[in-house]
Amino acid sequence: MAAAAGWFKTRTFGDRFIIEAGGRWNVQTVEAIEGKLRGIGAEARASAASGPALIDVAGLDALDAAGAWLITRTRLGLAAVGMDAAVEGAKPSHGALLERVEKALAHEELPPQVDHIFLRFVSAVGKAQFDVFVLARSLLSFFGLVLIVFGRVMLRPGQLRLTATVYRMQSVGLNALPIVGLLSFLIGVVVAFQGADQLAQFGAEIFTVNLLGVSILRELGVLLTAILIAGRSGSAFTAQIGTMKVNQEIDALETIGLDPIEVLVIPRIIALMIMLPVLVFYADLMGLLGGMVMATTVLDISLNTFLKQLQSGVNLTTFAVGMVKAPVFAFLIALVGCFEGFNVSGSAESVGQKTTASVVEGIFLVIVFDAAFSILFSILGI
Amino acid sequence: MENDTIISVRGLRTQFGVNVIHDDLDLDVRRGEVLGVVGGSGTGKSVLLRTIIGLNKASAGSIQVFGDNVTEMSDREQRAMQQRWGVLFQDGALFSSLTVAQNIEVPLKEHTQLRKEVINELACVKVDIVGLPPDAANKYPSELSGGMRKRAGLARSLALDPELVFLDEPTAGLDPIGAAAFDNLIRDLQQSLNLTVFMVTHDLDSLAAICDRIAVLIDKKIVVDTMENLMQLNHPWIQEYFHGPRARAALKR
């Protein structure tokens, strides 16, 4: 133990204050010594010594950069209280290390410029605000760019990358069927149960069916599917395009003379605009099915009554109001997903950040547009 | 004159924000030569390459390639131009969702009216030309080593039989044997396909082994000359670069 730890002793010899260091002064032991050395300046001044101090390092068994730093700092600390100090007796290898560390500490430390906390808060808030506008503007210009290429591809359908589009349709549409179906089914169950629970108090349990039909067809089916797809496919678009960006594949596309918007963005947007309505239709069916299972098994509403009530409660408009939103949401999700992918810069870290941003912005835009649709429909009286 | 000079840069200025990378830079690349571009970190070697191939916008100046001004081109003209040069990015930049053969076929499908079988055959030829084994053609980039990816990237850049190729640090990250093999490959291809090569590099061995002339980026401008003449110049960076221990070792061979 004694051999492993570092130690120091102080004594006064004539008019000199002497610190004798020994043992191992290294990164493992420095912590213990450092605390004890803190009061050394006061101790030196309180002693009878008046001449220069001496730090005797001849007894050191081991010294590393951390130990050398502590010795140098002690010396500088003594100098700061008006007592010059010399380090003596260093072994050659220790001497070189001490010299090197001394040189490193000789650089004058500039105090870091710290603004007032209030100032930092205000500037952070302002910057966040400004960033939102910058983001909105660049999203808008990306939207414009996509529209131009979209128009060009529509005019000359030969330019559409059919293979890529069909491949995306499979990955965003077909492969999402199980999760979308399960989720919608469960939501149907929940809505039916909660509705029945409340409506039963008025003896209007049968209107659960109307509640279920209207809420699933108008809102929940399309909204939940869009949110799910924003998390599932919007993020995938960002990660795919972002990784290509990091890997310079986007640059390579351009130098080959291919337009990245045409090759990467248009197939994704078209695929999602075709598949999201299909998924929403499927989600509507599964949601109603979930509600129906709940109603007929738990709520004592017979299948016949359920179907009759559903027929009277909803009509084609109810269904169409939900469906008409699907392509719009699909466009938004795909646009934001691709946009954030192109925003990736340089690192793998950036891919992660932009993927998160893409999901958050995608869901945000979906809900904002859903609200806008609601206002529009209420003005139109639908 | 036009036949002799393939790239002619005059008064080029590139900047990002207030940060000026190149200022009033002139450069000529002659037909049939291998030009190595060197310079310290951050002097804009890759930026120069990206500016010439149109991935960066120049703030001022003109860039003529094959006698046409790249900076004032329409999209359509630029596409036509792109068929006459090939670019190899640092890590190959192969499309990761496609096999090597499919990667090489991309430019062929895009810019030619060839039949599918012909394109397949041509892709196999390119795979062989860059020294890849035939079975590499059907592998994905992630299944290849770094050196093989670079060869595959080179094969893609040669797909349309360009007159000019741009290489961005072709030997970076390769072991010495692989790097030497890649140097030889570039030299062989340059001679057999009659290429002009514009190569950004840090590799002194490559410079000594295959470059006809060397362009040094210093003080936002460029100095071009043969290695022997550059070594006589009295600029501190050039002195340090060509007379450092690594340079001496490379030049001894």
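Me: What makes β2(A) and strand β3 (residues 53–63) of chain A a pair, and in which sense do they pair?

Reply: Two strands pair if DSSP finds at least two bridges between them, and β2(A) and β3(A) have seven, in the parallel sense, so the criterion of at least two bridges is met. One of the positions concerned is W25(A), whose bridge partner in β3(A) is L63(A). This is a predicted model, in which local features need pLDDT of at least 70 and side-chain atom pairs count only at pLDDT 80 or more, while totals for chains, interfaces and linings use all residues. Residues are numbered from 1 along each chain as its sequence is written, and chains are lettered from A and ligands numbered from 1 in the order in which they are written.

Me: How do you know that β1(A) and β2(A) form a hairpin, and what is particular about G14(A)?

Reply: Strand β1 (residues 6–13) of chain A runs antiparallel to strand β2 (residues 16–25) of chain A, and eight bridges join them; two residues lie between these strands in the hairpin, and G14(A) in the turn has a positive phi of about 65 degrees. Among the facing positions, T12(A) stands opposite F17(A) and T10(A) stands opposite I19(A). Strands here are DSSP runs of E with at least two residues, and helices are runs of H or I with at least four, both numbered from the N terminus.

Me: Which strands stand at the edges of the four-stranded sheet of chain A, and what makes them edges?

Reply: The sheet is open, with the order β1-β2-β3-β4 and mixed pairing. Its edges are β1(A) and β4(A) (85–88), each with a single partner strand, so one side of each is left without a neighbour in the sheet. The twist averages 20 degrees from one strand to the next. Helix α3 (residues 65–80) of chain A lies across β1, β2, β3 and β4 of chain A and runs at about 175 degrees to β3(A).

Me: Why is the packing of α7(A) and α10(A) called parallel, antiparallel, perpendicular or oblique, and which of these applies?

Reply: Helix α7 (residues 177–199) and helix α10 (residues 260–297) of chain A pack at about 40 degrees, with their axes 7 Å apart. Since angles under 35 degrees count as roughly parallel, over 145 as roughly antiparallel, 65 to 115 as roughly perpendicular and the rest as oblique, α7(A) is oblique to α10(A). The axes are lines fitted to C-alpha atoms, for helices over the stretch in contact, and the angles run from 0 to 180 degrees between N-to-C directions. By class, the contact of α7(A) with α10(A) has 18 nonpolar, six polar and no charged residues.

Me: How many residues does each chain bring to the contact between chain A and chain B?

Reply: Chain A gives 10 residues and chain B gives 16, where contact requires C-beta atoms, placed from the backbone, to lie within 7 Å. On the side of chain A that touches chain B, three residues are nonpolar, four polar and three charged.

Me: What makes β6 and β10 of chain B edge strands?

Reply: The open sheet of six strands in chain B has the order β6-β7-β8-β3-β9-β10, with mixed pairing. Each of β6 (85–88) and β10 (221–225) has a single partner strand, so one side of each is left without a neighbour in the sheet. Within this sheet, strand β3 (residues 34–39) of chain B runs parallel to strand β9 (residues 213–218) of chain B, joined by five bridges, and the bridge partner of G39(B) in β9(B) is L217(B).

Technical notes. Ala, Val, Leu, Ile, Met, Phe, Trp, Tyr, Cys and Pro count as nonpolar, Asp, Glu, Lys and Arg as charged, and the others, Gly among them, as polar. Two residues are in contact if their C-beta atoms, placed from the backbone, lie within 7 Å.
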